[in-house]
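Let's take a friendly walk through one protein chain, from its overall build to a single side chain. Have the structure open beside you as you read.

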Amino acid sequence: MVAESEDFDDESLAIDCPVLITERLVMRPPHEDDIADLAMMANNRKVAEMLSRMPHPYGIAEARSFLAMAGQKRVAGCIYALTQAETGTFVGCAGLNATERGLELGYWVGEPYWKRGYATEAAHALVDLAFRATSINVLHASCRVINPPSRRVIHKCGFQYAGQGMLNSIVAGQVPVERYRLDRKTWVSLRTWAQ
C-alpha cells in the first residue's frame with residue numbers, strides 16, 4: 001500500500017484515533033517499546049519499495065523519527081501500530097493519511113506475518129473508522145501496479161478502480177500506481193464485512 005502524505009488542514013478529516021480492536025489485532029498508537037521491532041520489520045527492501053515514504057535501510061534512527069512524526073498532533077488522519085491481540089507482538093503499521101485528494105488508507109505488514117490476513121483485517125477497521133468518525137464521502141487507496149497482495153486487500157474492502165498515476169518512492173523512485181476509491185454509499189452496503 002502506498003500512502004502519500006501531505007500536511008492537510010481540513011478539520012472535516014479530524015479523527016480522535018481510538019484504540020481499535022479486531023478479531024486478532026490491537027491497533028494502537030506506536031510507542032517507544034515498538035522501536036526495535038519496527039526497525040527490524042521495516043528494514044526489508046521488499047516492504048520499503050512498495051511504500052512512498054519508507055527508507056531502506058531502516059534502523060533505530062528511522063524508527064525513532066517515525067515515532068516522533070506519529071506522535072505529533074495532527075489535524076487529520078491516524079497512525080497505528082498493528083499488534084497481535086493475544087501476544088502483543090508488533091506486526092506492522094496502518095493508518096489514514098491526509099492527501100490532496102482527501103483521506104487515504106495506508107498499511108504495511110512485516111514479511112514474517114504476510115499471508116495471514118492482517119492487512120485486510122486492519123484495513124477493514126480503518127475503513128469503518130474513516131466513515132464513522134468523519135463526514136467524508138470518499139476514501140482513497142493506492143498500490144504499486146506490481147503489488148497484487150495489496151490490490152487484493154483493497155478489493156476486499158470494496159474499493160473501486162479509479163485510474164493510474166505516478167508516485168515518488170524514496171526507495172524505488174518514480175513508480176506507477178493504481179488508484180482506488182470507496183464511496184460512503186458503497187461502504188454502507190458493505191458494512192458487514194464478509195469473513
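Before we begin, one definition will help: helices (H or I, at least four residues) and strands (E, at least two) are DSSP runs, numbered from the N terminus. Keep in mind too that this is a predicted model.

**The whole chain**

The secondary structure of the chain comes to 6 helices and 8 strands. Starting at the N terminus, the order of elements is β-β-α-α-α-β-β-β-α-β-α-β-β-α. The radius of gyration is 15 Å, close to the 16 Å that the globule rule gives for 195 residues, so the chain is as compact as a globular protein of that length. Along the principal axes, its C-alpha atoms fill a box of roughly 40 × 40 × 35 Å. Of the 195 residues, 53% are buried. If we take contacts between residues at least 6 apart in sequence, 67% of them join residues at least 24 apart.

**Helix α1 and its partners**

Which residues of helix α1 (residues 35–42) are buried? They are Ile-35, Leu-38, Ala-39, Met-41 and Ala-42. These buried residues pack against two helices and two strands, namely α2 (45–48), α3 (60–71), β4 (90–99) and β5 (102–109).

**A closer look at Tyr-58**

Tyr-58 sits in the loop between α2 and α3. Is Tyr-58 buried or exposed? Its relative accessible area is 7%, and buried means under 20%, so Tyr-58 is buried. Setting aside neighbours within four places in sequence, Tyr-58 touches Leu-38, Ala-39, Ala-42, Asn-43, Ala-63 and Phe-66. Among these, Leu-38, Ala-39 and Ala-42 are buried residues of α1. The side chain of Tyr-58 also reaches the backbone oxygen of Glu-62 at 3.4 Å. Met-27, by contrast, is 31 residues from Tyr-58 in sequence and 22 Å from it in space, C-alpha to C-alpha.

**The largest pocket**

The largest pocket holds about 530 Å³ of space. Its lining has 22 residues, and those nearest the centre are Trp-114, Ala-119, Asn-147, Pro-149 and Ser-150. Here is the lining by class:

| Class of lining residue | Number in the largest pocket |
|---|---|
| Nonpolar | 13 residues |
| Polar | 4 residues |
| Charged | 5 residues |

Which elements each supply at least two residues of this lining? They are α2, β5, α4 (118–133) and α5 (148–156). The largest share, 5 residues, comes from α5. Elements α2 and β5 may look familiar: the buried residues of α1 pack against them too.

How values were computed:
Residues are numbered from 1 along each chain as its sequence is written. This is a predicted model: local features need pLDDT of at least 70, side-chain atom pairs count only at pLDDT 80 or more; totals for chains, interfaces and linings use all residues. Side-chain values use heavy atoms; hydrogens and water are left out. Buried means under 20% relative accessible area, exposed over 50%, partly exposed in between (1.4 Å probe, protein chains only). Contact means heavy atoms within 4.5 Å. On a 1 Å grid over the protein atoms alone, a cavity is a set of points where a 1.4 Å probe fits but cannot get out, and a pocket is an open set with protein on both sides within 12 Å along at least five of seven lines; lining residues have an atom within 4 Å of a point. Grid points are joined across faces, edges and corners, and a volume is the space filled by probe spheres set on the points. Ala, Val, Leu, Ile, Met, Phe, Trp, Tyr, Cys and Pro count as nonpolar, Asp, Glu, Lys and Arg as charged, and the others, Gly among them, as polar. A polar contact is a pair of N or O atoms within 3.5 Å; within protein, one must be able to donate a hydrogen and the other to accept it, and residues adjacent in sequence count only if both atoms are side-chain atoms. The radius of gyration is taken over C-alpha atoms; the globule rule is 2.2 Å times the number of residues to the power 0.38.
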